[in-house]
Amino acid sequence: MARLKHAAIADPSRALLLVAHMDVVGVDKSKWTVDPFGATMKDGYLYGRGAVDDKGMLAANLAAFVALKRTGARLNRDVIFLATCDEEAFGDSSIKALIAKNWDKFAAGFAINEGGVVIAKDGKVQYTAVQASEKVTYNVDVVARGTSGHASIPLKDNAVLHLATALEKIGNYSAPVHLTAVTRRYFEGVASLQDDELGKWVRSLDTPDRGEHAARVISDANPAWSAMLRDTISPTMLSGGVRANVIPAEARATLNIRLLPGDTIGVLLAELNKVVNDPQVKFEIQTNAGLAAPTSSLENDFYSAIMKAAAQEFGGAPVLPYQSTWGTDSAQLRLHNVQAYGLVPFPLTEDDLKRMHGNDERIPVASFAKGVALMVRIVNEFAVSR
Ligand SMILES: [Zn+2]
């Protein structure tokens, strides 16, 4: 942690926090074409685990912080640099533990973190999406129980079959569409970036007569949009059985569920119980749920500063608020009254974004420089006196 002070006595409610995490997810080295920890420069890219998530932003935050110090500009608020770890694992050094033990050392009213995107296509920024809220994660086990026995005599209540049937029904279920203040503004902004036909449907999303059909069309067009519009369920793990010749008494699957802010797991599971409609199948909520946090405001000076800086840096490309389908540390910050916003400030193509947590993660070197420039602009816009 480091702090640039604007006055002898700190006013945490005005302070700006630049936060990024130092830890990364693991790698399967055999699937990479370069050393995942070698920081290889190749064809205009920097390759390495964490290049995008989140060491790139960590470096950009630090560069902006150092630049601010070097210019000797007169600050109107404290600016705090914070590098966290355990973000990917929610462990002892995570933001949660830091807030519990050391909140007084980095308390702030405003924060910028990972969580948003700058989408580039054909070398040009299409739009900047500033994360202002995020979905809430739950892991829920689907447990089917039946009679165990000798596999040579098939049983109708076989737990594996009941689990499979339940999962098929869950896979065909689609939760109702629910627009939030953030997604409404996002879709309004993104409509003009689509071709005429799709743009028309995006614009119809919030209309009483054509909304339902529009939601179907745009959900089919883009799975990420579908996930922004509703609670989602992804089965991710399966287990059951001990021997090939034994019918097991139990089989289980894990569902990774992402709720829209404001929705509750109880309501969704009641609906899934109806959909599955099988007394042999039960749902068990795991205890590692995410946090439901309030949405950051789209009206305050900090959000305006981010919008202005991004529009200036990226040639007037639209800046839209964004409700991420993934969770970030910002939920913890928002629960502590921080107006937290998410970016990854580097212009990236959809292809480069897909490499996050994947193989051959990389960042275009030119995009890195632009991301640093954006962070410098944001900090200057919001924290420097004129
Ligand atoms: Zn991250």
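**Exercise 1. Determine whether Asp360 in this predicted model is buried or exposed, and describe its backbone.**

Step 1. The relative accessible area of Asp360 is 11%. Buried means under 20%, so Asp360 is classed as buried.

Step 2. Asp360 is found in the loop between helix H11 and strand E18 (362–364).

Step 3. Although Asp360 is not a glycine, its phi is positive, at about 50°.

Step 4. A parallel case is Asp86, a non-glycine residue with a positive phi of about 60°. Asp86 belongs to the loop between strand E5 (79–84) and helix H2 (95–106). With a relative accessibility of 23%, Asp86 counts as partly exposed.

**Exercise 2. Locate Asp352 and identify which residues it touches, not counting residues up to four places away in sequence.**

Step 1. Asp352 is part of helix H11, which spans residues 350–354.

Step 2. Its relative accessible area is 1%, so Asp352 is buried.

Step 3. Leaving out residues up to four places away in sequence, the contacts of Asp352 are Tyr45, Arg362 and Pro364.

**Exercise 3. Describe the site of the zinc ion: which protein atoms are donors, and what is the geometry?**

Step 1. The donors are His21 through NE2, Asp53 through OD, and Glu114, which is listed twice through OE. They lie 1.9 to 2.7 Å from the zinc ion.

Step 2. Along the chain, the donors follow the spacing H-x31-D-x60-E. Asp53 and Glu114, 61 residues apart, link distant parts of the chain. Asp53 is in the loop between strand E4 (45–47) and helix H1 (55–71), and Glu114 is in the loop between strand E6 (110–113) and strand E7 (117–121).

Step 3. The angles among the 4 donor atoms run from 53 to 150°. Four donors count as tetrahedral if all angles lie between 85 and 135 degrees. The site is classed as irregular.

Step 4. Asp53 and Glu114 are both buried. The peptide bond that leads from Asp53 to Asp54 is cis, with omega near 5°, and Asp54 is likewise placed in the loop between E4 and H1.

**Exercise 4. Explain why the buried residues of helix H4 line one face of the helix, and state what covers them.**

Step 1. Helix H4 comprises residues 181–190, and its buried residues are Val182, Thr183, Tyr186, Phe187, Gly189 and Val190.

Step 2. Viewed down the helix axis, these buried residues fall within an arc of 160°, so they line one face of H4.

Step 3. The face turned away from the buried side carries Ala181 and Glu188, which are exposed.

Step 4. The cover over the buried residues includes strand E8 (124–134), helix H5 (196–203), helix H6 (211–221), helix H7 (223–229) and strand E15 (319–324).

**Exercise 5. Characterise the surroundings of Ala60.**

Step 1. Ala60 is placed in helix H1, and its relative accessible area is 0%, so it is buried.

Step 2. Not counting residues up to four places away in sequence, Ala60 touches Phe346, Phe368, Val372 and Met375.

Step 3. Ala60 and Val376 are 316 residues apart in sequence, yet their C-alpha atoms are 8.6 Å apart in space.

**Exercise 6. State which element gives the most to the lining of the second largest pocket.**

Step 1. The volume of this pocket is about 300 Å³.

Step 2. Its lining consists of 18 residues; Ala227, Asp231, Thr232, Ile233 and Ser234 lie nearest its centre.

Step 3. The elements giving two or more residues are helix H3 (159–172), H7, strand E11 (232–240) and strand E13 (250–259). E11 gives the most, with 4 residues.

Definitions and conventions. Residues numbered from 1 in each chain as written. Predicted model: local features only at pLDDT ≥ 70, side-chain atom pairs only at ≥ 80, totals over all residues. Heavy atoms only, no water. Donors = N, O, S within 2.8 Å, 3.2 Å for Na, K, Ca; no water. Tetrahedral: all angles 85-135°; square planar, octahedral: opposite > 155°, others 65-115°. Buried < 20%, exposed > 50% of the residue type's maximum accessible area, 1.4 Å probe, protein only. Arc of directions from axis to C-beta. Contact = heavy atoms within 4.5 Å. 1 Å grid on protein atoms, 1.4 Å probe; cavity = no way out; pocket = protein on both sides within 12 Å on 5 of 7 lines; lining within 4 Å. Points joined across faces, edges and corners; volume = space filled by probe spheres on them.
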